[in-house]
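Visitor: Could you show me how to read a structure, one feature at a time?

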Amino acid sequence: MHGVVCRHGRLEAVSGVDLDVAAGERIALTGTNGSGKTTLLRAVLGLHRQVDGEILVGRRGARSAAEWAWRRRACAWIPQRPAAGRFPLLARELLASSGAPDEAAAAAVRLGVGALGDRPLSSLSGGQLQRMHLARAVGCVAAGAGVLLADEPTAALDFAGQEEAAEVLTTLPVTVLVVTHDRAMAARCDRTLEMAAGRLREVR
Ligand SMILES: Nc1ncnc2c1ncn2[C@@H]1O[C@H](COP(=O)(O)OP(=O)(O)OP(=O)(O)O)[C@@H](O)[C@H]1O
């Protein structure tokens, strides 16, 4: 990322971020509420469009439709507030959308939600839904994603779940950028960066 600025209308949420992440590196992104972490992750994914500066993943931009499609495949994404959706998508359909249904289903078993595959997502608890999205991300990695972007992936989990999720996330053979307020998760990463008022600094 070079000189990345993200706006929400007139509000500058991310200000001049420069960051190089090596392949396979695990980065924890911490910082105060409203400091721009989610906005930055969504910009990397191409979900936030009011962006200046340059964001490359695997040396590729995301300007053309083809590049954008590649970016979405290259990056597994665990959203902060996973939406259950308005229509009754089943949990196993979410897992299958990873591109590697068997691997995602196996991860769901490991994460304790393997028996919930036939349930509509809207019927899952917040923690169960977060575990299901984590399992989907494991499937995305099995299907070829080389980067995992995770936005507070353990926020809704119980203590045991936080440890399991941190173990799963930080042992995947991919580059990880995880927004977290969980010190144990941050400790498992190679570097910790902190955001404050849209600016990024390295703390570890
Ligand atoms: N859709 C939006 N429209 C307008 N402003 C927004 C929107 N989304 C976020 N913002 C603002 O942008 C700033 C950065 O928000 P962002 O969600 O990126 O912060 P964050 O660091 O992820 O916060 P948290 O730790 O609370 O999740 C905040 O001031 C927020 O109010």
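Guide: Helix 5 is followed by Gly144, whose phi is positive, near 125°. This is a predicted model, in which local features need pLDDT of at least 70, side-chain atom pairs count only at pLDDT 80 or more, and totals for chains, interfaces and linings use all residues. Residues are numbered from 1 along each chain as its sequence is written.

Visitor: What counts as a helix here?

Guide: Helices (H or I, at least four residues) and strands (E, at least two) are DSSP runs, numbered from the N terminus.

Visitor: How far apart are the end C-alpha atoms of helix 5?

Guide: The expected span is 1.5 Å times one less than the number of residues. For the 17 residues of helix 5 (residues 126-142) that gives 24 Å, and the end C-alpha atoms are 25 Å apart, which agrees.

Visitor: And how many of its residues are buried?

Guide: Buried means 20 or more other C-beta atoms within 10 Å of a residue's own, exposed means 12 or fewer, and partly exposed is in between, with C-beta atoms placed from the backbone. In helix 5, 14 of the 17 residues are buried, so the helix is largely enclosed by the rest of the structure.

Visitor: Which residues of helix 4 are buried?

Guide: In helix 4 (residues 101-110), they are Ala104, Ala105, Ala107 and Ala108. They cover an arc (taken from the directions from the helix axis to the C-beta atoms) of only 160° around the axis, so they sit on the same side of helix 4. On the other side, Asp102 and Val109 are exposed.

Visitor: What comes just after helix 4?

Guide: Gly112, with a positive phi of about 85°.
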